[in-house]
Amino acid sequence: MRKRFELKTDNDIRKMRVAGLLTAKALGAVRDAVRPGVTTLELDQIAEQTIRDGGGIPNFQLVPGYYHTICASINSAVVHGIPSNRKLEAGDLLSVDCGAEVDGWNGDSAFSIVVPGDTSELAVQRQVQSDVCQGSLWAGIAAFAGASRLNEVGIAVEQHIKSKGPYGILQEYIGHGIGRTMHEDPAVFNYRTKDAGPKVEAGMCIAIEPMITAGDQQTFIQDDDWTVETMDGSDGAHWEHSVARHSGGIWVLTEVDGGKEKLAPFGITPISLD
Ligand code: MG
Ligand code: MG
């Protein structure tokens, strides 16, 4: 029996857009602050301030046992890294995940970045890995625009990654539905599954979030009970957007332009409900 999940009305989605834009604003402020010497706790404070100034609640703080606004995962940490006094170094591969809740609706988004100032081959490889992960996210979003069954997203994500090199795709961590809470059904896989997944229809709102490694896909959870780290020490990258299928088409809720620029190469035009 397939789990049921809530389909949102166009009006619900307009409210989710507010939360999505505040999430984007917080992540933009964090991105602008990334430089060698900055700690991930400082980045966390920037994100929290931006969300609270915008009238939102950092929804990561609504997750039991989590007390920060962002997750900051460096190098061999893929996701769920806890902000700390660790100073960023040039060439670090940093992934930042963040979400805001506004008026009871949620946004969730993530980006990866190579900390500027390092021109080594390793830094170049890290940038390529981040680009592959970001590319797979947009391939998944483009697939969602026309999908009839949800696993078409996972197939597109996986195909993009596999076409770019021998990257590992995390299996235990996947995307999810989003709405009144940050994590809802349905599950959004980053790879082909036996089950084609639920029917895609207007009102489906999901967070698509590929997580890839430069080596093996196996991970473990650090002693802090949160940080997901690669077993082989290879680097991890993570990109995420919250996306809605509504009555008129697709809309990327956590992207300022709704996904216009990044979906253009796929011949897809997002439709605003503004
Ligand atoms: Mg997230
Ligand atoms: Mg998420």
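Biologist: What phi does Gly165 take, just after helix 4?
Modeller: In this predicted model, where local features need pLDDT of at least 70, side-chain atom pairs count only at pLDDT 80 or more, and totals for chains, interfaces and linings use all residues, Gly165 takes a positive phi of about 150°. Residues are numbered from 1 along each chain as its sequence is written, chains are lettered from A and ligands numbered from 1 in the order in which they are written, and side-chain values use heavy atoms, with hydrogens and water left out.

Biologist: And which residues of helix 4 are buried?
Modeller: Among them are Val153, Ile155, Val157 and Ile161, buried being under 20% relative accessible area, exposed over 50% and partly exposed in between, with a 1.4 Å probe and protein chains only. Helices are DSSP runs of H or I with at least four residues, strands are E runs of at least two, and both are numbered from the N terminus.

Biologist: What covers them?
Modeller: The cover includes helix 3 (121–146) and strand 10 (184–188).

Biologist: Switching to the metal, which residues hold magnesium ligand 1?
Modeller: The protein donors come from Asp97, Asp108 and Glu240, lying 2.0 to 2.6 Å from the ion; donors are N, O and S atoms within 2.8 Å of the metal (3.2 Å for Na, K and Ca), and sites may look incomplete because water is not among the atoms. Asp97 in strand 4 and Glu240 in the loop between strand 15 and strand 16 are 143 residues apart.

Biologist: Are those two buried or exposed?
Modeller: Both Asp97 and Glu240 are buried.

Biologist: Which residue coordinates both magnesium ions?
Modeller: Asp108 does, and ligand 1 and ligand 2 are 3.1 Å apart.

Key:
Contact means heavy atoms within 4.5 Å.
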